[in-house]
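Biologist: I would like a close look at a single part of this protein. Please take one helix, then follow its contacts and charged pairs outwards.

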Amino acid sequence: MCELFGSCSDHQLVLNDYLKEFYSHSSSHPNGWGLALLDGDEAHIEKEPLQADKSRYLRERLSVPVQGRMALAHIRYATIGNVEFRNCHPFTGKDCSGRRWTLIHNGTIFEYEPLNGMAAMQAGDTDSERILLYFLEQMNREIRSKGVPGAARRFRLLDEIICQMASGNKLNLIFSDGEYVYVHTNYANSLYQLPGKGQAVFSTQPLGKNGWEPLPMTTLLAYKDGRLAFAGTNHGESYIDSEENMKYIYQIFSGL
């Protein structure tokens, strides 16, 4: 599976130590790396379809301070989608109000019919990009029918989508609307948080320091300035590996 990293803070958080350890896991996730530093409607995204610890560019990038109030990072183990730049995370796009959304995903969508219509719109061929495009489509529909939503209404809409999409699917997500960082897991022991004063850090695996805690399962959470702002519905749709699902993933991966 892929690995995810995210951070949200009320100050410019220096991320190098976290990122160096995070990207050191790339020998098990060799199909690409990505990094996004987020600031409102701006997203500075760097990524390559290359094993992170073999990237000269990334090594040089981490030799100088990497800092920001919101950040996402990803190392990819490809299941759906070829190993190429357009399939590397993070994925980003703007809704019709101009708000930028940026997303990373660890998991597989086995069946969720509403995503099928996103295939013709995407640049690559991953289910992860389709998730972002679906979020944008639903947000645009909300904006056109009811006006630009505030934070609480955005969260309610996202919570409804996650509750529907999680059923039968592996849905570990970290994404941002430029103001909040949203996190969700429905797969046991696959997303952790490190709370701190004015900051929250998230990772698929604990990164070196004590104090990491498993993220609450099957519930969408939203953080602002490093603090929990919204907690959604506990939908109870935990993902458990099955022989059928593993066979499906193997069949797709063997064709990449």
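Modeller: What follows starts from helix H4 and moves on to a strand residue, the salt bridges and a loop.

The model is predicted, not determined by experiment. Helix H4 runs over residues 151-165, which is 15 residues. At 1.5 Å a residue the helix should span 21 Å, and its end C-alpha atoms are 21 Å apart, so the expected span and the model agree.

Which residues of H4 are buried? They are Ala151, Arg154, Phe155, Leu157, Leu158, Asp159, Ile161, Ile162 and Met165. Both Arg154 and Asp159 are on that list. Cys163 of the protein is partly exposed, because its relative accessible area is 23% and the cut-off for buried is under 20%.

The buried residues of H4 pack against one other helix, H3 (127-146), and against several strands. The strands are E6 (100-108), E7 (170-176), E8 (181-184), E12 (221-224) and E13 (227-231).

Strand E13 can be taken further through one of its residues, Phe230. Leaving aside neighbours within four places in sequence, Phe230 is in contact with Ala151, Ala152 and Phe155. Ala151 and Phe155 are among the buried residues of H4. Phe230 also touches Tyr180, Leu220, Leu221 and Ala222. Phe230 and Tyr182 are 48 residues apart in sequence, while their C-alpha atoms are 9.2 Å apart. Phe230 itself counts as partly exposed, because its relative accessibility is 23%.

Now the charged pairs. Side chains of opposite charge can pair when their charged atoms come close. A search of the whole structure finds 11 salt bridges. One of them joins Arg99 and Glu179, whose closest N and O atoms are 3.6 Å apart. Arg99 lies in the loop between E5 and E6, and Glu179 in the loop between E7 and E8, so this pair ties together parts that are 80 residues apart in sequence. Salt bridges with shared partners join Arg99, Arg154, Asp177, Glu179 and Lys224 into one network. Arg154 brings the account back to H4, where it is one of the buried residues. Glu179, by contrast, is partly exposed, with a relative accessible area of 27%.

A second salt bridge links Asp125 to Arg86, with the closest N and O atoms 3.7 Å apart. Asp125 sits in the loop between E6 and H3, and Arg86 in the loop between E4 (67-75) and E5 (91-94), so the pair ties together parts 39 residues apart in sequence. Asp125 is partly exposed at 26% relative accessibility, and Arg86 is partly exposed at 37%.

A further salt bridge is found within a helix. Glu60 pairs with Arg56, the closest N and O atoms being 3.3 Å apart. The two are 4 residues apart in helix H2 (residues 56-61), so about one helical turn separates them. Glu60 is partly exposed at 44%, whereas Arg56 is exposed at 61%.

Last, a loop. His29 is found between helix H1 (16-23) and strand E2 (33-39). His29 counts as buried because its relative accessibility is 7%. Its contacts, leaving aside neighbours within four places in sequence, are Met1, Cys2, Glu3, Ile75, Arg76 and Tyr77. Cys2 is 27 residues from His29 along the chain, and their C-alpha atoms are separated by 6.2 Å.

As for cysteines, Cys8 is buried at 1% relative accessibility, and the whole structure has 0 disulfides.

Technical notes:
Residues are numbered from 1 along each chain as its sequence is written. This is a predicted model: local features need pLDDT of at least 70, side-chain atom pairs count only at pLDDT 80 or more; totals for chains, interfaces and linings use all residues. Side-chain values use heavy atoms; hydrogens and water are left out. The expected span of a helix is 1.5 Å times one less than its number of residues. Buried means under 20% relative accessible area, exposed over 50%, partly exposed in between (1.4 Å probe, protein chains only). Contact means heavy atoms within 4.5 Å. A disulfide is a pair of cysteine sulfur atoms within 2.5 Å. A salt bridge is a side-chain nitrogen of Lys or Arg within 4 Å of a carboxyl oxygen of Asp or Glu.
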